[in-house]
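Biologist: Before we discuss terms, please show me the model, and then justify the labels that you attach to it.

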Amino acid sequence: NNRSSKLMRRRLAATSYHVLNISYTWFKAWYRSRSFTPIDTLNLLRRETALAVSSNPYYHIRIDYKDSKLKESLEIGELKEQPIIIVANHQSNLDPLLLCHVLKKLPHVYIAKSSIFKVPFAGWMMEKGGDIPVDFASGRRQDTRMKSIRTLMKRLSDHLNSGSTSLVMFPEGYRKSSMEFKPDSLAFKRGAFRLSKTSNVPILPISIWGSDSVWPISNYFMLSDGKYIDVTVDQLVYPSDFQSDSEMRDYCEKIISTNMLNMKEKQL
């Protein structure tokens, strides 16, 4: 009982620290950004979120870059001129915050659940900055869902063709815990890869392992064991190298799956 009580207190401390730290960070960013342009608002939100995540003492982030030139370009902000599509696996609510840290010098927008835009301060900044809401309601008629998907794809295509900011997408469509992971279990949807082909925009695969061990899917409380979260940033993948978006999807899925297996072994 004493052990479980002590563990719960630690988890409460870790969760409270995260919630208070990120809330205060978002409030400060929102207050400063009230007179900012949309893109400056978004960049401030990403930078401040990155700082809050990277300084959290309850977990440690390790980033491995497969391409040293790409690492340098990301770290000094050289990839601003041409948009790219970032695709990543999705294990936890922490993942978008982690990617803010990885991509802090790259202007980017998220495709996110519409409910997230109601979150005080951060949600308001996301709406102002141009993040793209998606309604995942499953009770709608099939023809209504398809029309919504076509409208979304048109908006994303226009966004990329305008030479605007990069896109971040989680092609699984929902979170999957590490316990569910198998090499052929990612089942990416084709949307991101279809966009890449039609807009001739490269894809950057990013693999995440361990975020659900810090903040599990089925739990409101974060863990507090100083765990590692590993992130692998792979090489850019170009649509011209593939005959179809399905072939490109399968290739990126294999890359991310392989990196996840390697990171899993690293943490054992």
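**Labels and their grounds**

Modeller: Cysteine 100 is a suitable start: its relative accessibility is 4%, and it counts as buried. Please bear in mind that this is a predicted model.

Biologist: Why is cysteine 100 called buried?

Modeller: The label requires a relative accessible area under 20%. Cysteine 100 has 4% relative accessibility and therefore counts as buried.

Biologist: What makes cysteine 252 count as buried?

Modeller: Its relative accessibility is 0%, so cysteine 252 falls under the same 20% cut-off.

Biologist: How many disulfides does a search of the whole structure find?

Modeller: The search finds zero disulfides. The criterion is a pair of cysteine sulfur atoms within 2.5 Å, so no pair of cysteines in the structure satisfies it.

Biologist: Why is helix α4 described as largely enclosed by the rest of the structure?

Modeller: Helix α4 covers residues 95-102, and seven of its eight residues are buried, so the description follows. The buried residues are Asp95, Leu97, Leu98, Leu99, Cys100, His101 and Val102.

Biologist: Let us turn to the sheet. What is the order of its seven strands?

Modeller: The order is β1-β7-β6-β2-β5-β3-β4, in an open sheet with mixed pairing.

Biologist: Why are β1 and β4 said to stand at the edges?

Modeller: β1 (59-65) and β4 (132-134) each have a single partner strand, so one side of each is left without a neighbour in the sheet. From one strand to the next, the twist averages 20°.

Biologist: What makes β2 and β5 a pair?

Modeller: Pairing requires at least two bridges, and three bridges are found between β2 and strand β5 (residues 166-169), so they pair, in the parallel sense. Within this pairing, isoleucine 85 has leucine 167 of β5 as its bridge partner.

Biologist: How do you know that β2 also pairs with β6?

Modeller: Four bridges link β2 to strand β6 (residues 203-209), again in the parallel sense; at least two are needed, so the pairing stands. Here alanine 88 is opposite isoleucine 206.

Biologist: Which residues of β2 point one way, and which the other?

Modeller: In β2 (residues 85-88), Ile85 and Val87 point one way, Ile86 and Ala88 point the other way, and all are buried. In a regular strand, side chains alternate between the two faces of the sheet.

Biologist: How many bridges join β3 to β4?

Modeller: Three bridges join strand β3 (residues 108-113) to β4, and the two run parallel. Alanine 112 is placed opposite proline 133 in β4.

Biologist: Which helix packs on the sheet, touching β1 and β3?

Modeller: Helix α2 (residues 38-54) does so, and its direction makes about 80° with that of β3.

Key: Residues numbered from 1 in each chain as written. Predicted model: local features only at pLDDT ≥ 70, side-chain atom pairs only at ≥ 80, totals over all residues. Heavy atoms only, no water. Buried < 20%, exposed > 50% of the residue type's maximum accessible area, 1.4 Å probe, protein only. Axes fitted to C-alpha atoms, helices over the stretch in contact; angles between N-to-C directions. Contact = heavy atoms within 4.5 Å.
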